[in-house]
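Me: I would like a close look at one part of this model, set against the chain as a whole. Please go through it step by step and keep the reasoning explicit.

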Amino acid sequence: MAINAKKMAKFCRPFRIVLGLALIAAGYYTGIKWFYLGILPLIAGIVGFCPACAVTGQCTILGKDKEA
């Protein structure tokens, strides 16, 4: 089952931004410093770069489908 890369990219960036903001807000209100790691998905969503995809090489979000 193939995933449409354009639909995934439209969903992924806003999701990362919202997730990052939610984690930062949770860290601010609870005082747990681990939630400040939400800066990572926030930056990834704003910039449009996925560090996990760069490390694994498995990302199809940029339209690089590996179907042969």
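What percentage of the 68 residues in the protein chain do buried residues make up? With that as background, which residues of H2 are buried, and which are exposed on the other side of H2? Please also take in the loop between H1 and H2, where Tyr-36 has its place.

Reply: Buried residues make up 19% of the 68 residues in the protein chain, and this, like everything that follows, is read from a predicted model. The secondary structure comprises three helices and zero strands, so that, from the N terminus on, the elements run α-α-α. About 5,500 Å² of the protein chain is exposed, with carbon and sulfur atoms supplying 71% of that area. Among the contacts with a separation of 6 or more, 52% are between residues 24 or more positions apart.

Turning to helix H2 (39-47), the buried residues there are Pro-41, Leu-42, Ala-44 and Gly-45. Viewed down the axis of H2, these buried residues fall within an arc of 165°, and therefore they line one face of the helix. On the other side of H2, by contrast, Leu-40, Ile-46 and Val-47 are exposed.

Ala-44 illustrates the buried face: its relative accessibility is 8%, which falls under the 20% cut-off, and so Ala-44 counts as buried. Not counting residues up to four places away in sequence, Ala-44 touches Arg-16, Phe-49 and Pro-51. The C-alpha atoms of Ala-44 and Cys-12 are 9.9 Å apart in space, although the two residues are 32 apart in sequence. After H2 comes Gly-48, whose phi is positive, near 85°.

The loop that precedes H2 lies between helix H1 (5-30) and helix H2 (39-47), and Tyr-36 belongs to this loop. With a relative accessible area of 38%, Tyr-36 lies between the 20% and 50% cut-offs, and it is therefore partly exposed. Tyr-36 touches Ile-24, Gly-27 and Tyr-28, residues up to four places away in sequence being left out. The C-alpha atoms of Tyr-36 and Ile-24 are separated by 5.0 Å, while the two residues stand 12 apart along the chain.

Ile-24, for its part, lies in helix H1, and at 22% relative accessibility it is classed as partly exposed. Its contacts, with residues up to four places away in sequence again left out, are Phe-35, Tyr-36, Gly-38, Ile-39 and Leu-42. One of these contacts, Leu-42, is also among the buried residues of H2. Tyr-28, which Tyr-36 touches, takes part in the one aromatic pair that the structure holds. In that pair, Tyr-28 and Tyr-29 are edge-to-face, at 5.3 Å centre to centre and with 80° between the planes, and both Tyr-28 and Tyr-29 are exposed.

The exposed residues of H2 can also be placed in a wider setting. Leu-40, Ile-46 and Val-47 belong to a nonpolar patch on the surface, together with Ile-32, Trp-34, Leu-37, Ile-39, Ile-43 and Phe-49, and the patch has about 960 Å² of accessible area in total. Leu-37, another member of the patch, is found in the loop between H1 and H2, and at 45% relative accessibility it counts as partly exposed. Phe-49 is in the patch as well, and Phe-49 is also one of the residues that Ala-44 touches.

Terms used: Residues are numbered from 1 along each chain as its sequence is written. This is a predicted model: local features need pLDDT of at least 70, side-chain atom pairs count only at pLDDT 80 or more; totals for chains, interfaces and linings use all residues. Side-chain values use heavy atoms; hydrogens and water are left out. Helices (H or I, at least four residues) and strands (E, at least two) are DSSP runs, numbered from the N terminus. Buried means under 20% relative accessible area, exposed over 50%, partly exposed in between (1.4 Å probe, protein chains only). Contact means heavy atoms within 4.5 Å. Patches are made of residues with over 30% relative accessible area and no salt bridge: like charges are joined within 9 Å, nonpolar side chains (Val, Leu, Ile, Met, Phe, Trp, Tyr) within 5 Å. Accessible areas come from the Shrake-Rupley method with a 1.4 Å probe; for residues, only the protein chains shown count as cover. A salt bridge is a side-chain nitrogen of Lys or Arg within 4 Å of a carboxyl oxygen of Asp or Glu. Rings of Phe, Tyr and Trp (its six-membered ring) pair if their centres lie within 6.5 Å; planes under 30 degrees apart count as stacked, over 60 as edge-to-face and the rest as tilted. The arc is that of the directions from the helix axis to the C-beta atoms.
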